[in-house]
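Let's walk through this model together, starting with a pair of helices and working outwards from there. Keep the structure open and follow along.

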Amino acid sequence: GAAAQIETYADPKRRDPAVTATTLLPLGRLSALLNTALLLDGVDQGHWNLDENINTYLNHLQVVNPFATALTLRHLLLENDGFPEFYQGHLLENPKRVPSLEQLLNYGLKPLVKEPGSIASPGSWGAVLAAYLLDVQDAKIPADKRMRQRWGLASLKTGGSPTGGLQ
């Protein structure tokens with residue numbers, strides 16, 4: 001079949017485009033997929049083990065886990081880590097000052113409330129912690145730069161929100 005073209009406008013009367021070449025779009029769940037791929041590359045390269053206690057890899061913080069089951073990278077990637085639900089709203093008090101992942105984790109990371117592997121917890125602190133592992137591995141190469149290098153995403157830029165954006 002023929003390709004369809006759909007036009008959307010922020011202001012249809014003035015025909016202002018809703019999305020332009022400079023519009024930042026939230027990465028949302030795409031960032032989780034890209035981070036997962038980068039982390040699995042790190043597993044393949046021997047940087048991490050999927051089933052090792054996550055605290056082994058953390059520099060300046062440790063996850064409080066009152067349960068017998070160790071929290072692992074596998075739990076983080078499968079989103080069954082046991083962290084309480086993550087609430088993003090408090091991050092955007094000043095969108096020009098988005099904290100680093102380490103600052104965010106030091107500020108708000110709570111102890112596990114469920115045993116790792118016992119319950120699905122999508123969108124929790126586990127996703128933030130998984131992204132932090134990329135920073136811990138090599139702080140000199142930001143995750144967005146790794147994504148550009150790995151997949152040739154020349155137009156990938158992050159900023160303005162903790163979830164980043166595609167530009």
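## How α3 and α4 pack

In this predicted model, α3 and α4 pack at an angle of about 140°, and their axes lie 9 Å apart. Angles over 145 degrees would count as roughly antiparallel and 65 to 115 as roughly perpendicular. The α3/α4 pair is therefore oblique. As for handedness, α3 passes α4 in a left-handed crossing.

Which residues make the contact? On the α3 side they are Leu101, Glu102, Leu104, Leu105 and Gly108. On the α4 side, look for Trp125, Val128, Leu129, Ala131, Tyr132 and Asp135.

## The overall layout

Stepping back, the protein chain has 5 helices and 5 strands. Read from the N terminus, the elements go β-β-β-α-α-α-α-α-β-β.

The chain has 167 residues, and 31% of them are buried. Take the contacts with a separation of 6 or more: 69% of them are between residues 24 or more positions apart.

## The nonpolar core

The largest nonpolar core holds 26 residues, and the members that touch the most others are Ile54, Val63, Phe83 and Leu129. Helices α1 (29-44), α2 (73-78), α3 (101-108) and α4 (125-137) each put in at least two residues. Which helix gives the most to this core? That would be α4, with 7 residues. Leu129 of α4 also turns up in the contact with α3.

## Three buried residues between α1 and α2

The loop between α1 and α2 is worth a slow look. Leu71 sits in this loop, and its relative accessible area is 1%, so Leu71 is buried. Leu71 has a long list of partners beyond four places in sequence, including Ile54, Val63, Phe83 and Leu129, the four residues that touch the most other members of the core. Other contacts of Leu71 include Glu52, Asn53, Asn65, Leu76, Leu112 and Pro116. Asp81 is on the list too; Leu71 and Asp81 are 10 residues apart in sequence, with 6.6 Å from C-alpha to C-alpha.

Leu58 belongs to the same loop, between α1 and α2. With a relative accessible area of 6%, Leu58 is buried as well. Setting aside residues up to four places away, Leu58 touches Val63, Leu129, Tyr132 and Leu133. Its C-alpha is 7.0 Å from that of Val136, although the two residues are 78 positions apart along the chain. Then there's Trp48, again in the loop between α1 and α2, and buried at 7% relative accessible area. Beyond its neighbours within four places, Trp48 is in contact with Leu38, Leu39, Gly42, Val43, Tyr57, Leu73, Leu133, Leu134 and Gln137. From Trp48 to Thr72, 24 residues along the chain, the C-alpha separation is 10.0 Å.

## Around the end of α2

Now move along to His75, which is in helix α2. Is His75 buried or exposed? At 12% relative accessible area, His75 is buried. Its contacts beyond four places in sequence are Thr69, Ala70, Asn80, Asp81, Pro116 and Gly117.

One of those partners, Asn80, lies in the loop between α2 and α3. Asn80 has 16% relative accessibility, so it counts as buried. Asn80 in turn touches Arg74 and His75, along with Pro116, Gly117, Ser118, Ile119, Ala120 and Ser121, leaving out residues up to four places away.

Glu79 is in the loop between α2 and α3 too. Its phi is near 55°, which is a positive value in a residue other than glycine. Most residues other than glycine have a negative phi.

## How far to trust it

The mean pLDDT of the protein chain is 74, with 60% of residues at 70 or more. Which element has the highest mean pLDDT, and which the lowest? Helix α2 comes out on top at 92, while strand β5 (residues 165-166) is lowest at 36.

Two stretches need care. Over residues 88-92 the pLDDT is below 50, and this stretch has 11 contacts in the model beyond near neighbours in sequence. Residues 159-167 are also below 50, with 41 such contacts. Where pLDDT is low, the predicted coordinates should not be read in detail.

Definitions and conventions:
Residues are numbered from 1 along each chain as its sequence is written. This is a predicted model: local features need pLDDT of at least 70, side-chain atom pairs count only at pLDDT 80 or more; totals for chains, interfaces and linings use all residues. Side-chain values use heavy atoms; hydrogens and water are left out. A nonpolar core is a set of buried Ala, Val, Leu, Ile, Met, Phe, Trp, Tyr and Cys residues joined through side-chain atoms within 4.5 Å. Buried means under 20% relative accessible area, exposed over 50%, partly exposed in between (1.4 Å probe, protein chains only). Helices (H or I, at least four residues) and strands (E, at least two) are DSSP runs, numbered from the N terminus. pLDDT is the predictor's confidence in each residue, from 0 to 100. Contact means heavy atoms within 4.5 Å. Axes are lines fitted to C-alpha atoms, for helices over the stretch in contact, and angles run from 0 to 180 degrees between N-to-C directions. Angles under 35 degrees count as roughly parallel, over 145 as roughly antiparallel, 65 to 115 as roughly perpendicular and the rest as oblique. A crossing is left-handed if the near helix is turned anticlockwise from the far one by less than a right angle, and right-handed if clockwise.
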